[in-house]
Amino acid sequence: MTDQFDARKARAAAWFRTLRDRIVASFEALEDSHGTGTPGRFEVTPTTRADGGGGLMSVMRGGRVFEKIGVNVSEVHGTLGERAQKAMAARGVPGMESDPRFWASGISLVAHMVNPHCPAVHMNTRMFWTPHAWWFGGGADLNPALEYAEDTAHFHAEMQRACDAHDPAYYPRFKAWADEYFFVPHRGRARGVGGIFYDDLNTGGAASDTWDADFAFTQAVGSAFLPAFVPLTERRIATPWTDADRETQLIHRGLYAEYNLVYDRGTKFGLETGHDANAVLMSLPPIAKWT
């Protein structure tokens with residue numbers, strides 16, 4: 001399985017990098033065409049993982065549209081530590097005790113906006129490989145401080161379009177998964193208005209090879225992100241906002257930070273496997289508030 005997947009690993013990692021480039025270009029174009037002052041630009045920093053691999057951390061701060069946004073890509077490999085091995089084994093990944101090698105690549109994006117009427121957003125797609133298993137995961141979810149029903153409907157419609165092109169059962173299943181996954185138990189509420197979330201996607205299992213189909217779906221989810229999100233930003237960017245709106249935004253960001261630090265799988269995995277902490281924690285908002 002190792003030799004068979006070398007080319008597939010390269011294809012997946014190249015796709016995540018291509019998607020990153022498209023998103024960065026689109027968001028810098030938004031900075032150029034909206035607002036006043038100096039348009040924001042991404043600062044790109046290589047990241048490394050001591051045990052193998054690394055990536056690119058692209059962060060924009062203090063832009064016209066984006067108060068802070070990170071778009072990270074990574075390709076890492078090595079041997080899982082004991083805690084990570086146990087977590088993988090508990091999820092049903094075979095062979096962890098005998099051969100805990102792994103490879104993973106993906107793109108992760110979190111955007112915190114200047115205007116409180118523009119929703120924050122998260123998107124992630126990834127591939128994970130071990131000598132005995134492989135799978136895809138990811139999704140996208142919208143996190144408005146001030147919700148507009150039509151924005152929520154548009155975002156979900158684009159996610160559903162991506163899902164329906166591959167399997168009409170995907171959207172209801174992955175929407176429900178997002179609603180469950182992005183729930184904040186200690187607050188008794190959702191982090192935002194949802195989207196889709198999926199993990200452990202290997203539709204054929206050991207019985208058949210569905211890598212191409214599952215990769216194609218993951219590509220569709222990534223490609224759906226800009227059409228789902230950019231129109232919402234363009235619709236709300238010029239909406240006047242008040243101090244009360246800003247207060248609501250900052251308090252909502254506190255909820256977002258709580259979730260990412262306490263519950264998010266990606267945060268836990270990145271820190272436990274020794275990836276660059278600044279890259280792992282780039283999802284945190286630049287300013288948040290608790291009352």
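Two exercises with worked solutions follow, on the cavity and the nonpolar cores of a predicted model.

Residues are numbered from 1 along each chain as its sequence is written. Local features need pLDDT of at least 70, side-chain atom pairs count only at pLDDT 80 or more, totals for chains, interfaces and linings use all residues, and side-chain values use heavy atoms, without hydrogens and water.

**Exercise 1.** Determine which elements give two or more residues to the lining of the largest cavity.

*Solution.* A cavity is a set of points on a 1 Å grid over the protein atoms alone where a 1.4 Å probe fits but cannot get out; lining residues have an atom within 4 Å of a point. The count comes to one cavity of 30 Å³ or more, and about 90 Å³ of space lies in the largest cavity. Its lining consists of H112, M113, C118, A120, N143, A145, Q249, H252, R253 and Y256. The elements sought are β4 (101-113) and α6 (243-262), as DSSP runs (helices H or I, at least four residues; strands E, at least two). Of these, α6 gives the most, with four residues.

**Exercise 2.** Identify the helix that gives the most to the largest nonpolar core, and list the contacts of F225.

*Solution.* A nonpolar core joins buried (under 20% relative accessible area, 1.4 Å probe, protein chains only) Ala, Val, Leu, Ile, Met, Phe, Trp, Tyr and Cys residues through side-chain atoms within 4.5 Å. The largest has 56 residues, and F225 is one of those with the most contacts inside it. Helix α5 (residues 211-236) gives the most to this core, with twelve residues. Leaving aside neighbours within four places in sequence, F225 is in contact (heavy atoms within 4.5 Å) with I23, F27, L109, V121, M123 and M159.

Terms used. 1 Å grid on protein atoms, 1.4 Å probe; cavity = no way out; pocket = protein on both sides within 12 Å on 5 of 7 lines; lining within 4 Å. Points joined across faces, edges and corners; volume = space filled by probe spheres on them. Buried < 20%, exposed > 50% of the residue type's maximum accessible area, 1.4 Å probe, protein only.
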